[in-house]
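Colleague: I'm new to this one and would like a close look at a single part of it. Could you walk me through the place where the chains meet?

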Protein chains: 2
Amino acid sequence: MRQSKFFMPTLKEVPADAEAVSHQLMLRGGYVRQVTAGVYSYLPLANLVLTKISNIVREEMAKIDAPEMLMPIFLPASLWQESGRYESYGPNLFKLVDRHERPSILGPTHEETFTEIVAEELRSYKKMPLTLYQIQTKFRDENRPRFGLLRGREFIMLDAYSFAANEEQLDVQYQEVGQAFQNVFDRVGLKTMAIIADAGAMGGSDSTEYQAPAAVGEDTIAYTAGGYAANIEMAKSIDSLEVTTEEPKEIEKVHTPGIKTITALAEFMAVPNTKIVKSVLYRADDKLVLVLIRGDKQINEVKLTNIIDANELHVATDAEVVELTGIMPGGIGPVNATFADMVIADETIEHLTNFVVGANETDYQLANVNLGRDFFVDQFYDVKLAEEGELDPIGHEPLKFTRGIEIGHIFKLGTRYTKDFHANFLDENGKEQPVIMGSYGIGISRLLSAIIEQNYTERGIAWPKTVAPFEVHLIQMKMNDADQTKVANDLYQSLSDKYDVLYDERNERAGVKFADADLVGAPVRVIIGKKASEGIIEVKHPGEQDSTEVKLTELENYINSEIG
Amino acid sequence: MRQSKFFMPTLKEVPADAEAVSHQLMLRGGYVRQVTAGVYSYLPLANLVLTKISNIVREEMAKIDAPEMLMPIFLPASLWQESGRYESYGPNLFKLVDRHERPSILGPTHEETFTEIVAEELRSYKKMPLTLYQIQTKFRDENRPRFGLLRGREFIMLDAYSFAANEEQLDVQYQEVGQAFQNVFDRVGLKTMAIIADAGAMGGSDSTEYQAPAAVGEDTIAYTAGGYAANIEMAKSIDSLEVTTEEPKEIEKVHTPGIKTITALAEFMAVPNTKIVKSVLYRADDKLVLVLIRGDKQINEVKLTNIIDANELHVATDAEVVELTGIMPGGIGPVNATFADMVIADETIEHLTNFVVGANETDYQLANVNLGRDFFVDQFYDVKLAEEGELDPIGHEPLKFTRGIEIGHIFKLGTRYTKDFHANFLDENGKEQPVIMGSYGIGISRLLSAIIEQNYTERGIAWPKTVAPFEVHLIQMKMNDADQTKVANDLYQSLSDKYDVLYDERNERAGVKFADADLVGAPVRVIIGKKASEGIIEVKHPGEQDSTEVKLTELENYINSEIG
């Protein structure tokens, strides 16, 4: 491509609200432009990278014999009413009506669409295993779209769906797609972690997330050197506190006027915060849930949501607590907690004795409270946030935390959707069974950002050679120099047969050309300058300070060794 | 691809409402499934063809140095308010609001989006000429979606936009893109006609439509052996009637009770229908327009819309005529037509004398009416439908009619959009000018149907080799025959390096395999049967009745000669 014909509208200034480095670089380099909040135009540079990523995905999915399809974006509401998600999906679902007032949606994911299509066909176990996929534009009406392509409202995804006649087939499919995904991430040049993830939202069981570690990531990953890795949302937390046995003392009511925090209460009562049980009231769907946890721990709302299988959950506001219990927040507790529909106790309180809880009276606490005597708990759960430094639940090594960008996710769905769509088959014994599904996704447009977040330089981008918009960037320094023009043209001709070449033949200053080249980020930059007449040109890696002289005769070898 | 891993859900029965052959074949062959009216899932076979078509398009657009981009589907209403199309586009525009109640649309075309993006960048004549394009999913809420992919509500288009500093550059771009389009149509195996088209709806001037002649086509093309070709909507009609000069006679009012048609009136008045002037009342936006045309001719509403530059136009119903004029239809006419805001007269009435018109009184006509004496017309237009057999306006050869599918369209837009978006540049003299645009489109998903409409056989599809989902279809007759298995496996291995091969290794009867192969429509079908052990297999073209024996050693030469 001749650069004068290319369209790469660079910016000197980036909008102040572009926080992520990848977002800033893609705006500066003319990769993307925002059309409306969370909705972007992919300009030629971004489109080239997206195409290369998609082609790598296609190659890896072909290796596992998964045919590609393309489903529609515009879907009838009835399809999602059948699965119940038309109501339960929440405000991220774009809803609209057509000219005949028929309710419709823009697909945020396609479990229903795929399930409905295969339901008619997979009538016998002989038709399975089957894995299908698409690369398609999806819509989620995020409340706060941000970080450029990392959290958009219109985005490109690969979504794959597997159909199996038994759990063994599903296991194989889950493993195969997982390996294909890992191959994709390796090939596009991303460092990734495969971690334990929350499968709850998809209604499935097993689930693995692929995370690209990066400072801008919205997820926290808890991991150890020994190989444990989980999303903080799902990281099991084992209690490491040594419990000393004490004789139960007599319960005592204490006036604690104006005390609002655990720290203040611990000081006032002269006890460690590990002897206080926090009581937090949640509204979960139409129920009031009282959660009990040791004073030094925090509640993990994802775990809580999964334990009580809630669609929607939030902590009761101070005003709600007063309205629902008649008690000021801080005063509520588990003893005679008649206002609660359900009590969930964290494992950390199971072996406590003589602890402090709210007295269910404003500004009063109870001291020396004991389980089994003063109140009862049927079951204890892990409902707490894991903390950096605590021991992981498997290898018992100290947890480290890092930020990550979720770039892929694989789920065992089971029969969550096939039951709704009556996708049944006859097994070997002629018995009707529901098809067993898996669901798999890669955020294709998000990969673009993630790759930049892991591969930016001081002045631009250093694209991995597999996804670089151009592999070779030829830069002619002086357009009115006949020697340079001849060398540049010859190189453009010969290299274009083998590589994606961008040839900067614009009448621009060297500074402009180099600054643009930093943003194009080609793995090999070839500068045709003063010594062209002597058969010498310069080469440069993105991010390197200085270029290196190379003889023209040696250039092809050099390029082959770099990107061949 | 092994066919047992492929997904091709064939149907024995097709829905009765699938009228078009292409629609029937794509349903029967498992190419597509309808998700809701005019919205289809592309299953693997269709996706393979779409990918091949798109890649051909990309190659041809690369030849004219047009970079590819990808614009969003979801657009803010404000973008279309700026061009005025948010109001004027009509009910085909999908409108919706997001969670913050911001009005938005789904893009049916992208003039606004491209113009806004380039407006910031094309500030100097040096940045032009520039041509950009995308292959993207578009939405039009058609009132009556039909014929499968031929008229859908969600469909895939190539849309290209050119930006020029002067008319000469636009002329070159228009010609270049037109040639690229023609190359695409030739390469995908379509017979096409480039015809004069209506540019009105896009607000432009010059316009050419690419039509694929096919019986199911919704357009009528008027053409001659000498090379004239126009959409009937735009085909200029020249009057071939010899006019005899007569002395004007005295006007006469005639009672014509119950006469409702031109034919009946001609008989009653004992005059030829060429001596009657039809008066038809139209509502055009907020105006009443009376159209006058000779009794033997029909009104062309596209021409009429363009003449009066109306957004919306329809013939007044009988009830509306009575309400607006107080006269029963048939009685209205041009003499003292005070009810009409505007009178449009066809060229056919310019030289008539002593003709019949409605008397503006129910059940009365005026005979011996004459122009310039009884009523006045400022200007005469060509507002009539051309008819088969009449002479074309250029070579004066008799017009033939054929049906066509519109598969592409190129427009000279001029400054229709760049003025709205203040897309101005400084010319060589430092003077600010609006950028001059062109707009170009190919219906990618529609091509799929059009190719089938021109290439179906008695039993299936005969795909052109360039776009066939598979180039070679290997069919093993008996799966438990070791010789056949060895030959088939060897061929599958060796041919897959060079061609897209589908290998039917299913345990199915010959009849099932052949019926499916007719629907796959690969240009080369290789049947591995009884004589495999002797090194003999059979080959067959789609649509041929019988297969031909070929020696295994000669197969590669045969395939090369067919699709190499």
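What turn and what shift along the axis lay chain A on chain B, and with what RMSD?

Modeller: Sure, and keep in mind that this is a predicted model. A turn of 180° with a shift of 0.0 Å along the axis lays chain A on chain B, and the RMSD is 0.2 Å. That is how a two-fold axis relates its copies. Both copies use the same surface, too: 98% of the contact residues of chain A recur in chain B. If you want a spot to start looking, try L96(A), whose C-alpha lies 2.7 Å from the rotation axis, the closest approach of any residue in chain A.

Now for the contact itself. Chain A puts in 52 residues and chain B puts in 51 residues. Between them the two chains bury about 4600 Å², and 64% of that is on carbon and sulfur atoms.

There's a polar side to the story as well. Across the interface of chain A and chain B, 13 residue pairs are in polar contact, counting pairs with both residues at pLDDT 80 or more. Sorted by class, the side of chain A that touches chain B holds 31 nonpolar, eight polar and 13 charged residues. As for salt bridges, the count between chain A and chain B is two. One you can look up right away joins the side chains of R153(A) and D98(B), with 2.9 Å from N to O.

So, on your screen, begin with L96(A) by the rotation axis, then go to R153(A) and D98(B) for their salt bridge.

Terms used: Residues numbered from 1 in each chain as written. Chains lettered and ligands numbered in written order. Predicted model: local features only at pLDDT ≥ 70, side-chain atom pairs only at ≥ 80, totals over all residues. Heavy atoms only, no water. Contact = heavy atoms within 4.5 Å. Buried area = accessible area lost by both parts, 1.4 Å probe. Salt bridge = Lys/Arg side-chain N within 4 Å of Asp/Glu carboxyl O. Polar contact = N/O pair within 3.5 Å; in protein donor to acceptor, adjacent residues only side chain to side chain. Nonpolar A, V, L, I, M, F, W, Y, C, P; charged D, E, K, R; others polar. Least-squares fit on C-alpha atoms with pLDDT ≥ 70 in both.
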